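User: I would like to learn how to read helix packing, burial and backbone angles from a set of coordinates. Could you take me through one structure, feature by feature?

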Amino acid sequence: MSDLERLNLKTLPPVPAIVGWSDRYSQTLLKKADTCLRSAYLYVKYSGGTPGHQLDRGSLAHLVYKRMTEDLIVADAESYLEPEFTQDQHGLLIEEDPETAARQIASMTATIVDEVAREHPELVVPHAEMEAVRIMAYHWAIGVKVDPVTIAGVERKFILDVAGHEISGIVDLCTIDGITGGVDDYKTSWNRPEQDDYEKGFQGWLYALLLAFGQPVERVACDACSGKRHVVQVGPENQSAEVPCSTCGERGSVEVRLPAIGGGLQRIRTRELYPRFLETQADGTLRLQQRENWLTRTQLQDFRRDLERLIAQLDGARETGLFPAVDGGHCNECPARSECPLPAHLRSWHGAIDSEEKASEAASWADVMGDRVAKVNDEVKRWAGEHGGRVRYGADKVKEFKSSQSRSVRKSQGKADWEGLKTAVARAAELGEEFDFDYWVKTGSTNSFRKRVLSAEELAAEMDGDADERMSRAYAVKWGDQIRKDQAKEDGRDLSLDERFGALPPF
Ligand code: SF4
Ligand SMILES: [Zn+2]
């Protein structure tokens, strides 16, 4: 009998129930559940996952932006670059000279970061990350413009009842301007999603839903303990003792739901802003790089139905203990990858890199392998060039030369001359000069060596050929690789990088 333990990854065994799982579902929890129910379970099991410098860096940066936004609201100013604002609020007269001005603003924002960090000693932000927060605060000061009268909340928590649960989320900045709402979210990491991915992203939709249909909440002093976090109880012999206040859970304050504010909104702009990066707008002014999406009330109602379904799924999983794991890019944000039931190689390595060291090792490996693969490919191509122009491989694939027509813009000093083209078009439009299309757009042909999957007809035509022999050759290569790996395991030695990834070309 084999001692191999079989694991069906589609129906994993149930997990132990978590005691005290709150019926309020946060935005972060639901975002995790939306992509992988198991990660939602791990998120609750570890109360949000391990703390980390990046997380604290994000929290500190958010507190800094909050402070800066509130300063603007109080002063009824649009931007940190308004001379009256910097003078009144920070006693700073911004110089004309751009370099001096930049230095002045940098030192002003560095002071703000320092103050906020001192107010929050619970945040552990090492020097290198502090430097990043300072740079981002400087970018914020020169790249953010707000309209104070439209601001409806800064770091404002919202609650919405959906499918028998309270859904909560904290919006970094929300605005209301007539029938248009806005929810902004700051992201302090280096990653910026593609526009398509951003538009599909769960977070923006949920924040928009909270603004349109939810209720803002506010914390007020707890009546039961008058904010003292404990109440005094008198015992049998008239002895009094302090006991923790159960009304506020020793927080000293309780949440109060305020009336909804988004009833009149017809459309909502969601944005993610990346304070690491600045970009120049058409009018020459700077702003933080950002992604945005527009959502209508109808779209949000559809989303609400998706949310109801998701919540029902999560509730069901809590009852049965069955939390399936589904991998993807989201594994990078998994609260406990080491407890993921999917082996890393079956997750396509998603989330396998979790430290600078590993990232660095993986980058070197990918570099070396990429180089080797490119060289082997060159050899395959050379061979094909001398033997009929194609290489048949695998069950249904072929690599072959394919020529195609290509067009490119005229080059200047090795680069496409877009500026030259723009000028020529402008001169043609404005001065009536002749525009020579063939001068600017070069047509040529390229001969590339490409992979292609064979059609059913091509495969059928091949059947009476030497297909059997080819298949067995392909399998021999594959299993030879496996045998090398098994052998290393039997010998009790670690696999070298080459062995682990089958790095040697099979010849
Ligand atoms: S590593 Fe990925 S697949 Fe595994 S639990 Fe975490 S998010 Fe889910
Ligand atoms: Zn209390």
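Analyst: Please keep in mind that this is a predicted model. A good place to begin is helix H8, where the buried residues are Phe-202, Gln-203, Gly-204, Trp-205, Leu-206, Tyr-207, Ala-208, Leu-209, Leu-210, Leu-211 and Ala-212. Taken as a whole, H8 is mostly covered, since 11 of its 12 residues are buried, where buried refers to a relative accessible area under 20%.

User: How do I judge the length of H8 against what is expected at 1.5 Å a residue?

Analyst: The idea is to compare the span between the end C-alpha atoms with the expected rise. H8 covers residues 202–213, and its first and last C-alpha atoms lie 16 Å apart, close to the 16 Å expected. The comparison can be repeated for helix H3, residues 53–75, whose 23 residues reach 33 Å from the first C-alpha to the last, close to the expected 33 Å.

User: Which residues of H3 are buried?

Analyst: The buried residues of H3 include Asp-56, Arg-57, Gly-58, Leu-60, Ala-61 and His-62 in its earlier part, and Met-68, Thr-69, Asp-71 and Leu-72 further along. Thr-69 of H3 deserves a closer look, because its relative accessibility of 2% makes it count as buried. Leaving aside residues up to four places away in sequence, Thr-69 touches Trp-140, Ile-151, Val-154 and Leu-173.

User: What does Thr-175 touch, beyond residues up to four places away in sequence?

Analyst: Thr-175 is placed in strand S3, which runs over residues 165–177, and with 19% relative accessibility it counts as buried, the cut-off being under 20%. Its contacts beyond that sequence window are Thr-150, Ile-151, Ala-152, Thr-180, Gly-181, Gly-182 and Leu-211. Ile-151 is therefore touched by Thr-175 and is also among the residues touched by Thr-69, while Leu-211 is one of the buried residues of H8.

User: At what angle do the axes of H3 and helix H4 cross?

Analyst: For a pair of helices, one reads the crossing angle together with the approach of the axes, and then the residues that make the contact. The axes of H3 and H4, the latter spanning residues 83–90, cross at roughly 100° and come within 11 Å, which makes the two helices roughly perpendicular. On the H3 side the contact is made by Asp-71, Leu-72 and Ala-75, and on the H4 side by Phe-85, Gln-89 and His-90. Sorted by class, this contact has 3 nonpolar, 2 polar and 1 charged residues.

User: Which residues of helix H1 meet helix H9?

Analyst: Helix H1, residues 27–35, and helix H9, residues 297–320, pack at an angle of about 85° with their axes 10 Å apart, so H1 and H9 are roughly perpendicular to each other. From H1, Leu-29, Leu-30, Ala-33 and Asp-34 meet Leu-307, Leu-310, Ile-311 and Leu-314 of H9. By class, the residues in this contact are 7 nonpolar, no polar and 1 charged.

User: Where does phi take a positive value in a residue other than glycine?

Analyst: As a general expectation, most residues other than glycine have a negative phi. Ser-47, which sits in the loop between helix H2 and H3, has a phi near 45°, and its relative accessible area of 69% makes it exposed. Arg-229, in the loop between strands S5 and S6, has a phi near 75° and is partly exposed at 47% relative accessible area. Asp-76, just after H3, likewise takes a positive phi, of about 50°.

User: How many disulfides does a search of the whole structure find?

Analyst: In general, a disulfide is a covalent bond between the sulfur atoms of two cysteines. Here the search finds 0 disulfides. As for the burial of individual cysteines, Cys-36 counts as buried at 8% relative accessibility, and Cys-225 is buried with a relative accessible area of 3%.

User: How far apart are the C-alpha atoms of Glu-490 and Glu-95?

Analyst: Separation in space and separation along the chain are best read side by side. These C-alpha atoms are separated by 73 Å, and the two residues are 395 residues apart along the chain. Glu-490 lies in helix H14, residues 467–490, and is exposed, with a relative accessible area of 67%.

Key
Residues numbered from 1 in each chain as written. Chains lettered and ligands numbered in written order. Predicted model: local features only at pLDDT ≥ 70, side-chain atom pairs only at ≥ 80, totals over all residues. Heavy atoms only, no water. Axes fitted to C-alpha atoms, helices over the stretch in contact; angles between N-to-C directions. Helix = DSSP H or I, 4+ residues; strand = E, 2+ residues; numbered from the N terminus. Parallel < 35°, antiparallel > 145°, perpendicular 65-115°, else oblique. Contact = heavy atoms within 4.5 Å. Nonpolar A, V, L, I, M, F, W, Y, C, P; charged D, E, K, R; others polar. Expected span 1.5 Å × (residues − 1). Buried < 20%, exposed > 50% of the residue type's maximum accessible area, 1.4 Å probe, protein only. Disulfide = S-S within 2.5 Å.
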